[in-house]
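Reader: I'd like to zoom in on one part of this chain instead of touring the whole thing. Please choose a spot worth a close look and tell me in plain words what sits around it.

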Amino acid sequence: LGLNVRHMFLEDVPNDEPQVDAVVSLHLLEHALSPVALLKRARKLLKPDGLLYLEVPNLERPETALTEFLQLPHFYNFTALSLRNVLAKAGFAPRYWKERTANLSVVASPSDERPIERADVDALCARLRDHDRLVLLSRVIPNVGPLKKVRSTIVSM
């Protein structure tokens, strides 16, 4: 897909690392001891016109029992309002929301000066879904012989 993707903990990114175009966090923020600190670190890594794509379980989704959310691994649970407040405290301006589903999905930027077009958001989401599908598919490729190289290439994309 032509993407330079690195999968790593934000805390492990060196301080002298060049700034990035996007930070993606899928079902991570609810597990963080300090969601605001994690988002502030992500903000420091982003270029001024960079984007944060964030997805967390939606506590307000009507069709799900609370027992699905109230789990030991989750330090926090988010509603649309609480997630907006956490983003604002970390210095992010939400650009696109999808909140009437099982998950809250948001695209945010470090500043509110640049409007984001819906087509740009849709393209980013499509590329992220494609990458996720490739990684899932790579798990069924045997990790032996020539297939080992194919598998490792997909996972490192």
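Author: Let's start with what counts as a helix or a strand here: both are DSSP runs numbered from the N terminus, helices being H or I runs of at least four residues and strands E runs of at least two. This is a predicted model, so local features need pLDDT of at least 70 and side-chain atom pairs count only at pLDDT 80 or more, while totals for chains, interfaces and linings use all residues. Residues are numbered from 1 along each chain as its sequence is written, and side-chain values use heavy atoms, with hydrogens and water left out.

By that rule, Val5 belongs to the segment before β1. The chain has four helices and four strands, and along the sequence they run β-α-β-α-β-β-α-α. The part I'd pick is helix α1, residues 35-45.

First, which side of α1 faces inward? Its buried residues (buried means under 20% relative accessible area, exposed over 50%, partly exposed in between, with a 1.4 Å probe and protein chains only) are Pro35, Val36, Leu38, Leu39, Arg41, Ala42 and Leu45. An α-helix has 3.6 residues a turn, so residues three or four places apart point the same way. The buried residues of α1 pack against β1, β2 and α2. For scale, 36% of the chain's 157 residues count as buried.

Now the helix partner. The axes of α1 and α2 (residues 80-89) come within 8 Å and cross at roughly 50°. That makes α1 oblique to α2: angles under 35 degrees count as roughly parallel, over 145 as roughly antiparallel, 65 to 115 as roughly perpendicular and the rest as oblique. The axes themselves are lines fitted to C-alpha atoms, for helices over the stretch in contact, and the angles run from 0 to 180 degrees between N-to-C directions. The crossing is right-handed, the term for a near helix turned clockwise from the far one by less than a right angle, with anticlockwise giving left-handed.

Where do they touch? On the α1 side it is Pro35, Val36, Leu39 and Lys40, and on the α2 side Val86, Leu87 and Lys89. Sorted by type, that contact has five nonpolar residues, no polar ones and two charged (Ala, Val, Leu, Ile, Met, Phe, Trp, Tyr, Cys and Pro count as nonpolar, Asp, Glu, Lys and Arg as charged, and the others, Gly among them, as polar).

Leu39 deserves its own stop. This α1 residue counts as buried at 1% relative accessibility. Setting aside neighbours within four places in sequence, Leu39 is in contact (heavy atoms within 4.5 Å) with Leu29, Leu52, Val86, Leu87, Ala90 and Phe92. Leu39 and Ala90 are 51 residues apart in sequence, yet their C-alpha atoms are 5.8 Å apart.

Follow one of those contacts, Leu52, and you land in strand β2. Leu52 is buried as well, at 1% relative accessibility. Beyond its neighbours within four places, Leu52 is in contact with Val23, Leu39, Leu46, Leu87, Phe92, Val106, Val107 and Ala108. Its C-alpha is 5.1 Å from that of Ala108, 56 residues away in sequence. Such links fit the wider picture for the chain: among contacts between residues at least 6 apart in sequence, 62% join residues at least 24 apart.

Back on the helix, Arg41 of α1 is a charged residue that counts as buried, with a relative accessible area of 18%. Leaving out neighbours within four places, Arg41 is in contact with Leu10, Val13, Pro14 and Asn15.

What about salt bridges? The whole structure has one, taking the term as a side-chain nitrogen of Lys or Arg within 4 Å of a carboxyl oxygen of Asp or Glu. Lys47 pairs with Asp21, the closest N and O atoms being 3.1 Å apart. The two partners are 26 residues apart, Lys47 in strand β2 (residues 46-57) and Asp21 in strand β1 (residues 20-26). Lys47 is partly exposed at 31%, whereas Asp21 is exposed at 52%.

One last oddity on the way into the helix: His27 sits in the loop between β1 and α1. Most residues other than glycine have a negative phi, and most peptide bonds are trans. His27 has a positive phi of about 55° although it is not a glycine, and its relative accessible area of 30% makes it partly exposed.
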